Amino acid sequence: TPTKLSGTLVAGGNVEEVFALSADGSRVVYRADEAVDNKLELFSAPVDGSSARVRLHAATLATRDVTSFLVAPSGARVVFIANLDTVAAFELYTVLNTSSTSTRLSGTMVSGGNVTDVRISPDGARVVYRADQGVNQRFELYSAPIDGSAAPVRLNSTLTPGGDVGQFGRLDCAISPDSTTVVYVADQDFDERYELYSVPIDHATPAVKLNGA
């Protein structure tokens with residue numbers, strides 16, 4: 001007999017997205033407008049239904065939404081993008097898979113700034129995210145410990161006027177299998193000339209260009 005894992009849905013509410021969480025398959029994380037129609041929040045539940053689902057952040061206002069989330073390889077931690085603190089700013093948060101106390105990972109946002117994309121390193125220790133954090137509409141690349149134990153660092157070098165990390169509104173980057181290096185596409189040196197760069201994930205040394213001059 002199927003067991004319902006989600007909570008009671010408000011009229012019009014739906015489970016929008018689900019992801020198997022832990023390596024042993026014991027928990028799932030899902031996004032749903034359970035309490036208010038069209039207000040998407042993030043929840044975790046045991047797959048056997050042995051206890052009630054947990055909202056993975058504080059109860060939010062009807063104007064707040066979780067737009068996307070990722071689960072760390074270990075399954076112990078979830079990162080998500082939401083406008084929890086400021087209605088006009090979508091920021092990056094981290095939370096343990098059974099906790100309702102989330103921590104903001106992204107740095108202070110300039111007015112109009114938002115986190116657009118996030119990646120988790122293969123070892124689950126750090127996140128890499130794209131945001132116009134310092135200057136509105138100038139998208140740069142940042143890295144932070146997934147547990148929020150240190151402030152984020154900017155990975156890209158100073159961008160030329162009009163330059164951005166990524167192109168066509170998306171993040172073009174990859175993290176090496178050993179979780180030490182990030183490669184990314186940006187028009188870092190010349191506006192509208194998108195080139196390939198490499199940088200340590202903790203920005204121990206500056207980014208270097210990989211393609212030819």
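**Exercise 1. In this predicted model, find which residue is the bridge partner of Arg130 in E11.**

Step 1. Start with the two strands: E10 covers residues 126-135 and E11 covers residues 138-145. Arg130 has Leu141 as its bridge partner in E11.

Step 2. Look at the pairing as a whole. E10 and E11 run antiparallel and are joined by seven bridges. Elsewhere along this pairing, Val127 stands opposite Ala144.

Step 3. Check the turn. The hairpin of E10 and E11 has two residues between the strands, and Gln137 takes a positive phi near 70° there.

Step 4. Follow the side chain of Arg130. Its charged end sits over the ring of Phe139, 4.3 Å from the ring centre.

**Exercise 2. Work out which strands stand at the edges of the open sheet that holds E11.**

Step 1. Write down the strand order, which is E9-E10-E11-E12, with antiparallel pairing.

Step 2. Look for strands with a single partner. These are E9 (115-120) and E12 (153-154), so each has one side left without a neighbour in the sheet.

Step 3. Inspect the E12 end. E11 and E12 run antiparallel and are joined by two bridges, and Tyr142 stands opposite Arg154 in E12.

Step 4. Add the burial of E11. Seven of its eight residues are buried, making the strand mostly covered.

**Exercise 3. Describe how E7 pairs with E6 and with E8.**

Step 1. Take the E6 side. E6 (residues 77-86) pairs with E7 in the antiparallel sense over seven bridges, and Arg77 stands opposite Leu96. Two residues make the hairpin connection from E6 to E7.

Step 2. Take the E8 side. E8 (residues 103-104) and E7 also pair in the antiparallel sense, over two bridges. Here Tyr93 stands opposite Arg104, and the hairpin has six residues between its strands.

Step 3. Finish with burial. E7 (residues 89-96) is mostly covered, with six of its eight residues buried.

**Exercise 4. Classify the aromatic pairs Tyr30 with Phe43 and Tyr184 with Tyr197.**

Step 1. Recall the descriptors: a ring pair is described by the distance of the centres and the angle of the planes. For this task, centres must lie within 6.5 Å, and planes under 30 degrees apart count as stacked.

Step 2. Put in the values for one of the four aromatic pairs in the structure. Tyr30 and Phe43 are 5.3 Å apart centre to centre, with 20° between the planes, and the pair is stacked. Tyr30 belongs to strand E2 (residues 27-32) and Phe43 to strand E3 (residues 41-46), so the pair links distant parts of the chain, 13 residues apart. Both residues are buried.

Step 3. Turn to Tyr184 and Tyr197. Their ring centres are 5.4 Å apart and their planes lie at 20°, so this pair is stacked. Tyr184 is in strand E14 (residues 181-186) and Tyr197 in strand E15 (residues 195-200), so the pair ties together parts 13 residues apart in sequence. Tyr184 and Tyr197 are buried.

**Exercise 5. Identify which residues make the nonpolar surface patch of about 240 Å².**

Step 1. Name the members: Leu9, Val15 and Val18.

Step 2. Place Leu9 in the chain. Leu9 lies in the segment before strand E1 (15-20).

Step 3. Classify its exposure. Leu9 has a relative accessible area of 33%, so this residue is partly exposed.

Technical notes: Residues numbered from 1 in each chain as written. Predicted model: local features only at pLDDT ≥ 70, side-chain atom pairs only at ≥ 80, totals over all residues. Heavy atoms only, no water. Phe/Tyr/Trp six-rings, centres within 6.5 Å; stacked < 30°, edge-to-face > 60°. Helix = DSSP H or I, 4+ residues; strand = E, 2+ residues; numbered from the N terminus. Buried < 20%, exposed > 50% of the residue type's maximum accessible area, 1.4 Å probe, protein only. Lys NZ or Arg CZ within 6 Å of the ring centre and 35° of its normal. Pairing = 2+ DSSP bridges. Patch = residues over 30% accessible without salt bridge, like charges linked within 9 Å, V, L, I, M, F, W, Y side chains within 5 Å. Areas by Shrake-Rupley, 256 points an atom, 1.4 Å probe, with all protein chains shown as cover. Salt bridge = Lys/Arg side-chain N within 4 Å of Asp/Glu carboxyl O.
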